[in-house]
Amino acid sequence: MSSTDEKKDKPTTEETKADSKDWFKEEAPVATRHEITIGGKTLAYTAHAGKLPIRNEKGETEAAIFFMAYTLDTEGPRQDRPLMFAFNGGPGSSSVWLHFGAIGPKRAALNPDGTLPPPPYRPVDNEFTWLENADLVFIDPVGTGYSRAKDEETAKKFYGIEPDIKCLAEFIRLYLTRYERWGSPLFLAGESYGTTRGAGLAGHLINEGIAFTGILLVSTVLNFQTLVFSTGNDLPYSLFLPSFAATAWYHRRLPEDLQSRPLPEVLKEVEAFAEGEYVLALMRGDRLSESDRDHLAAKLARYTGLSERYVRLSQFRLRIHAFCKELLRDDGLIVGRFDSRITGRGGSGTGENMEYDPSGAVIRPPYTAAFNDYIRRELDYREDLPYTILGGLYSQWDWGKGNTFADTGAALRSAIEKNPHLRVFVASGYYDLATPYAAADYTFAHLGIDPSLRGNIEVAYYEAGHMMYIESGSMVKLKRDVDDFLRRTAGG
């Protein structure tokens with residue numbers, strides 16, 4: 001229960017910071033006391049909601065980073081508690097998904113299978129919070145949440161792989177300093193593009209003298225060559241295929257001999273084909289014989305649930321949005337990109353690509369309403385600026401120089417080589433068509449890391465999607481896996 005529950009509603013005109021000039025005025029974060037009961041055990045904790053300044057080399061404040069932090073009220077030294085910094089990706093996403101989906105003490109309530117319940121939407125206690133084993137700091141990068149640059153021109157300085165990493169690195173340094181946490185075991189948790197950011201941060205901060213105990217990567221993308229469907233890059237076609245097969249299996253579109261087998265067993269067969277015979281066929285291109293084409297079309301149809309004719313018309317190269325539109329077309333349904341278990345209706349029955357992502361549509365309203373209700377009523381943080389859940393920064397993002405794909409895998413390898421105590425936990429969903437699990441597996445198999453350090457990376461798989469925690473069974477498994485990882489690595 002929050003200590004603010006008994007407070008009467010307050011007028012906002014005197015308390016909010018509607019004037020943008022006031023946003024960069026330094027103020028003490030708002031602190032509130034709370035309790036949560038988990039497994040019969042009551043945990044008391046303090047929440048802080050506020051912002052830290054990001055200054056340039058001249059000492060001028062160029063941005064303010066909004067954060068929400070939770071620290072368990074304990075009698076022991078604060079520095080003995082592990083400290084975890086968490087963020088999402090986008091680029092352009094706030095931290096609300098990890099915050100209100102898996103990690104924080106409150107969550108947005110969905111149906112047990114991750115589908116949309118009827119409104120209204122309010123926050124509920126999260127019995128799966130990671131607060132038991134680590135204090136938590138949720139960071140909203142510039143342009144997301146309540147984080148703002150001083151003006152539009154300055155904001156552009158933060159929209160790119162390298163400046164984004166440097167900005168969050170400065171936030172972490174300043175937080176450790178102001179809250180006297182330099183002696184704590186440090187962890188990073190990122191989701192989606194947040195894993196790109198997390199790997200880059202680990203590589204950057206080790207050179208600044210900040211070493212992490214562990215990194216948790218949820219729905220990973222470090223090397224964008226594994227995801228970007230572009231001319232001359234055949235890699236994604238083979239790496240997406242196992243996730244297409246998982247989707248077809250879930251919706252019962254595979255042949256009976258596959259449909260009757262457990263999903264992990266089916267995927268082993270598909271993975272062997274994808275990284276062997278399929279890769280070789282893609283390399284041959286137009287040089288494939290007609291008999292080879294017949295064989296390849298039959299195999300791809302067998303593993304995807306699509307027709308041989310459609311596979312041929314796609315030149316044996318199946319893309320995400322087309323697959324999501326085609327698989328259940330005869331039923332008038334499209335399947336989700338974030339979570340291909342989830343389906344939706346709408347749009348043209350003859351279109352080539354999905355008109356919207358039904359798995360994105362089911363999570364946006366509950367997370368938006370629950371968070372906006374929570375931040376004022378329970379954290380007592382009053383702000384009239386819109387909390388930007390997910391903005392459109394992707395097209396404005398500076399992905400780096402040169403004709404190459406963005407890749408922070410080398411930064412992660414460097415962090416592990418320089419700090420061989422660093423452990424990495426990777427969580428992958430079988431039904432994730434945004435960052436497919438085979439693409440993450442490929443990336444970690446190609447880090448070029450010394451064999452003696454390969455055991456520093458461990459992977460867990462979940463029968464759910466990009467936000468695997470929206471499915472109740474996967475939420476339980478994720479909590480159990482993370483608890484085990486934190487206890488082993490932090491010595492708790």
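## Close-up views of a predicted model

**View 1. Helix H2 meets helix H13.** Val96, Trp97, His99, Phe100 and Gly101 in H2 meet Arg364, Tyr367, Ala370, Phe371 and Tyr374 in H13. The model shown here and in the other views is predicted. H2 covers residues 96-103, and H13 covers residues 364-377. Their axes lie 11 Å apart and make an angle of about 90°. An angle of 65 to 115 degrees counts as roughly perpendicular, so H2 is roughly perpendicular to H13. The residues of this contact comprise 7 nonpolar, 2 polar and 1 charged.

**View 2. Helix H5 packs on helix H14.** H5 spans residues 193-206, and H14 spans residues 409-418. The two pack at an angle of about 45°. Their axes are 7 Å apart. H5 and H14 are therefore oblique to each other. Which hand does the crossing of H5 and H14 have, left or right? The crossing is left-handed. On the H5 side, the contact is made by Ala199, Gly200, Ala202, Gly203 and Ile206. On the H14 side, Ala411, Leu412, Ala415 and Lys418 take part. Sorted by class, the residues of the contact of H5 with H14 are 6 nonpolar, 2 polar and 1 charged.

**View 3. Helix H6 crosses helix H9.** H9 runs over residues 290-304. The axes of H6 and H9 come within 7 Å and cross at roughly 55°. That angle makes H6 oblique to H9. Leu241, Phe244, Ala245 and Ala248 of H6 form one side of the contact. Leu300, Tyr303 and Thr304 of H9 form the other. The contact of H6 with H9 has 6 nonpolar residues, 1 polar residue and no charged residues.

**View 4. Arg252 sits in the loop after H6.** Arg252 is found in the loop between H6 and helix H7 (256-259). What is the phi of Arg252? The value is positive, about 55°, although Arg252 is not a glycine.

**View 5. The largest pocket has a lining of 35 residues.** The volume of the largest pocket is about 780 Å³. Nearest its centre lie Gly90, Arg337, Phe338, Tyr394 and Ala434. Strand E9 (186-192) and helix H11 (320-326) each supply at least two residues of the lining. Which element gives the most to this lining? H11 does, with 3 residues. By class, the lining of the largest pocket has 19 nonpolar, 12 polar and 4 charged residues.

**View 6. A cis peptide bond joins Gly90 to Pro91.** Omega for this bond is near -10°. Pro91 lies in the loop between strand E4 (83-87) and H2. Gly90 also appears in View 5, among the residues nearest the centre of the largest pocket.

**View 7. Pro119 and Pro120 share a cis peptide bond.** Here omega is near 5°. Pro120 belongs to the loop between strand E5 (106-108) and strand E6 (123-125).

**View 8. The second largest pocket is lined by 19 residues.** This pocket has a volume of about 330 Å³. Which residues lie nearest its centre? They are Glu271, Glu275, Tyr437, Ala438 and Asp441. Three helices each supply at least two residues of the lining: H6 (235-250), H8 (263-284) and H15 (437-445). H8 provides the largest share, 7 residues. The lining of the second largest pocket divides into 13 nonpolar, 2 polar and 4 charged residues. H6, seen in View 3 in contact with H9, is one of the helices that line this pocket.

**View 9. The largest cavity has a lining of 11 residues.** The structure has 3 cavities of 30 Å³ or more. About 50 Å³ of space lies in the largest of them. Closest to its centre are Phe24, Glu26, Lys51, Leu52 and Pro53. Which elements give two or more residues to the lining of the largest cavity? They are strand E2 (41-55) and strand E3 (61-72). In this lining, 6 residues are nonpolar, 1 is polar and 4 are charged.

Conventions: Residues numbered from 1 in each chain as written. Predicted model: local features only at pLDDT ≥ 70, side-chain atom pairs only at ≥ 80, totals over all residues. Heavy atoms only, no water. 1 Å grid on protein atoms, 1.4 Å probe; cavity = no way out; pocket = protein on both sides within 12 Å on 5 of 7 lines; lining within 4 Å. Points joined across faces, edges and corners; volume = space filled by probe spheres on them. Helix = DSSP H or I, 4+ residues; strand = E, 2+ residues; numbered from the N terminus. Nonpolar A, V, L, I, M, F, W, Y, C, P; charged D, E, K, R; others polar. Axes fitted to C-alpha atoms, helices over the stretch in contact; angles between N-to-C directions. Parallel < 35°, antiparallel > 145°, perpendicular 65-115°, else oblique. Left-handed = near helix turned anticlockwise from the far one by under 90°. Contact = heavy atoms within 4.5 Å.
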